[in-house]
Amino acid sequence: MLTDRIPMVIIIFSLVIAFLLPIFARWKRSLCGPIVAVVTGFSFFFSLFLLYDVHRGGSYSIYLGGFEPPWGIELHINLLAALMIALITGFCFLIAIYSLNSLEREIPDQKAGWYYTAYLLLMTGMTGMVVTNDIFNLYVFLEIVGLASCALIIAKGTKEATEASLKYLLLATIGSGFIVFAIGFLYTITGNLNIPFIAIELEGTRDSFPFVIWTTMGFLLVGFSLKAALFPLHIWLPDAHSSAPFPSSALLSGLVVKIYIMAFFKILYGVFGPGILAEMNIAGLITGMSAMAIVAGSIFAFTQKDLKRRLAYSTVSQVGYIFLGLSLGTPWGIKAALMHVVVHAFMKVCLFMAAGNILFQTGKRNVTLFSGLGRIMPVTMASFTVAALSMVGIPIFAGFITKYALAMGSIEAGSRGLVALIVLSGLLNAMYYLPIIWQAYFTGNQKEKVVMDRIPLPLLAPVVLLACGILYLGLFPAPILSLISGAVEPVFFP
Amino acid sequence: MRELDVFMLLANFPYFVSILLFSMGCLIVLTQPNLIKKVIGLNVMETAIFLFFIAVGNISGGAPPIVNPATGGVLYVNPLPQALILTGIVVSFSVTAFALAMIVSLYRFYGTVHVSELMKMR
């Protein structure tokens with residue numbers, strides 16, 4: 001079957017194009033952006049095809065080089081992986097269209113080719129992390145993603161970007177050090193690198209090595225929390241995401257942190273299984289950390305005046321939601337977490353792009369200066385409002401669906417206190433999003449005529465499209481929810 | 001609590017060294033104010049991981065894993081961790097190069113590689 005090879009085609013094709021782009025940029029720099037848009041667009045098209053195929057035909061594995069596991073590397077494509085690939089390539093496509101016009105406003109012209117190299121490498125790495133079933137291969141893809149995201153941040157070349165990027169690189173490398181050490185421990189006690197084979201070996205040897213399993217879990221938790229910015233270890237995220245160029249911020253905040261979370265839970269559930277997890281009670285610890293993340297991220301966001309920093313801190317609290325849902329371990333909790341991965345990508349990418357449009361037209365980043373913005377850029381502000389209200393969790397917007405599902409999950413897990421926490425966090429979100437909207441529409445000169453935004457179409461179209469997507473997901477959540485339940489069942493509740 | 005077994009300690013000597021080096025490297029990255037020293041700490045940390053992997057793959061008395069059909073029945077050390085660490089070295093090398101390049105450009109901006117002085121200048 002031809003569709004068997006689609007994940008490999010996406011990975012290898014974008015990898016090859018990534019390294020050809022700098023050479024191509026020497027010859028014709030202006031064509032780099034359109035080429036990347038075409039490459040990501042094709043990947044998105046193929047991944048939709050893959051999603052349809054996996055949805056209909058079930059999951060399958062690819063053995064690289066024809067070597068079967070446990071010897072060779074296995075790529076396992078189930079519905080969850082296909083869904084994540086579609087999400088990754090779709091958003092890379094949208095952000096590539098956005099960067100067609102926004103990149104030249106922020107990045108020195110001669111760096112454009114290299115920027116797109118890092119961009120495509122990031123897409124390759126994320127796709128690889130989602131599909132691979134070999135933990136050392138996962139580590140390699142993880143490093144590709146880490147280095148490429150640092151490159152995307154530093155591309156702007158300013159003092160702040162360089163500083164934030166170095167901080168991110170150092171902390172992310174500590175994180176991946178912990179992860180690779182944990183992989184070493186797993187290899188020592190099981191002799192395998194393939195996730196299902198490790199799980200089988202671990203069934204027999206778990207009683208002999210309780211301390212090693214403890215240490216492995218601790219190292220994995222520290223490593224992935226550093227990478228995914230779970231609350232006490234989030235310190236790099238606000239600097240990194242606020243000093244990066246707008247397309248990079250959108251990509252990093254909307255997708256990259258969540259791919260790390262998915263990889264973490266893929267290892268936790270795939271390797272240890274629900275039995276050991278319940279015995280070690282690591283989920284309780286993660287629930288506590290994510291509850292802190294939700295509250296603290298919102299409070300930090302409230303204190304920020306810079307719009308980008310506010311959005312970055314908001315990501316810290318939204319990462320908390322995803323960790324919370326996954327750590328609850330109930331069907332609704334995990335569904336809510338995956339739904340939030342999808343919905344938060346829509347919302348945060350939309351918000352960052354709208355923030356970019358506001359900066360490009362008016363030069364304003366400080367949220368206290370936004371009065372009357374609803375009249376001079378109505379389309380952007382309308383989209384911003386849709387995304388922000390969805391963040392708060394108002395019904396008919398997509399954010400409400402995930403909050404509702406998360407509340408269902410906490411009731412299922414028997415912890416009613418978390419429902420109060422979710423309501424509280426909705427109020428905290430309202431505290432830092434609503435003043436922006438209020439200022440934009442109801443302050444300033446009310447007599448002023450409403451005019452159209454003065455920004456080109458490639459910057460405007462993705463924002464509007466994402467806002468429509470948020471409304472669609474909020475009004476008709478049934479198809480995506482049923483797709484997600486189909487994706488969750490075989491992975492988390494076999 | 002079991003009593004300390006000296007022979008167990010001696011048999012697992014490389015593992016203890018690698019954990020010690022890992023913790024030291026981690027501490028250096030987090031606490032040293034000098035950026036170059038931070039990068040050195042990062043390298044110490046990653047070298048500790050390499051040591052751990054190589055120690056895992058080692059079999060005492062094993063020959064290098066180069067298969068010669070003429071001499072059968074030789075005990076080889078496990079080649080897989082060595083292959084993995086080859087990848088690890090490449091990753092560590094590129095991270096170090098990237099970090100040093102960033103430090104150079106920070107030095108061009110601020111004229112210092114000390115974190116405390118960087119903070120003052122902001």
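Start with the contacts inside chain A, where contact means heavy atoms within 4.5 Å. Of those with a separation of 6 or more, 80% are between residues 24 or more positions apart. Keep in mind that this is a predicted model, where local features need pLDDT of at least 70, side-chain atom pairs count only at pLDDT 80 or more, and totals for chains, interfaces and linings use all residues. Residues are numbered from 1 along each chain as its sequence is written, and side-chain values use heavy atoms, with hydrogens and water left out.

**Stop 1: all of chain A**

Show chain A as a cartoon. You'll find 19 helices and 2 strands, taken as DSSP runs numbered from the N terminus (helices are H or I, at least four residues; strands are E, at least two). Along its principal axes, the C-alpha trace spans about 75 × 60 × 45 Å. The radius of gyration of chain A is 22 Å, which agrees with the value near 23 Å for a compact globule of 494 residues; that radius is taken over C-alpha atoms, and the globule rule is 2.2 Å times the number of residues to the power 0.38. Buried residues make up 64% of chain A, where buried means under 20% relative accessible area (1.4 Å probe, protein chains only).

**Stop 2: Asn133(A)**

Now select Asn133(A), in the loop between helix H4 (112-131) and H5 of chain A. Is Asn133(A) buried or exposed? Its relative accessibility is 10%, so Asn133(A) counts as buried. Show its neighbours too: leaving out residues up to four places away in sequence, Asn133(A) touches Glu74(A), His76(A), Leu193(A), Asn194(A), Ile195(A) and Pro196(A). Then try Lys266(A): it sits 133 residues from Asn133(A) along the chain, but their C-alpha atoms are separated by 9.0 Å.

**Stop 3: where chain A meets chain B**

Bring in chain B. Here 31 residues of chain A are in contact with 32 residues of chain B. The two chains bury about 2900 Å² between them, 84% of it on carbon and sulfur atoms; this is the accessible area (1.4 Å probe) lost on being put together, summed over both. Pick out Glu163(A), Phe181(A) and Tyr187(A), which lose the most area to chain B in chain A, together 22% of what that side buries.

Which salt bridges could you colour here? The count between the chains is 0, a salt bridge being a side-chain nitrogen of Lys or Arg within 4 Å of a carboxyl oxygen of Asp or Glu.

Last, select helix H5 (135-154) and helix H6 (159-190) of chain A, the elements that give two or more residues to the side touching chain B. H6(A) gives the most, with 19 residues.

Technical notes:
Chains lettered and ligands numbered in written order. Buried < 20%, exposed > 50% of the residue type's maximum accessible area, 1.4 Å probe, protein only.
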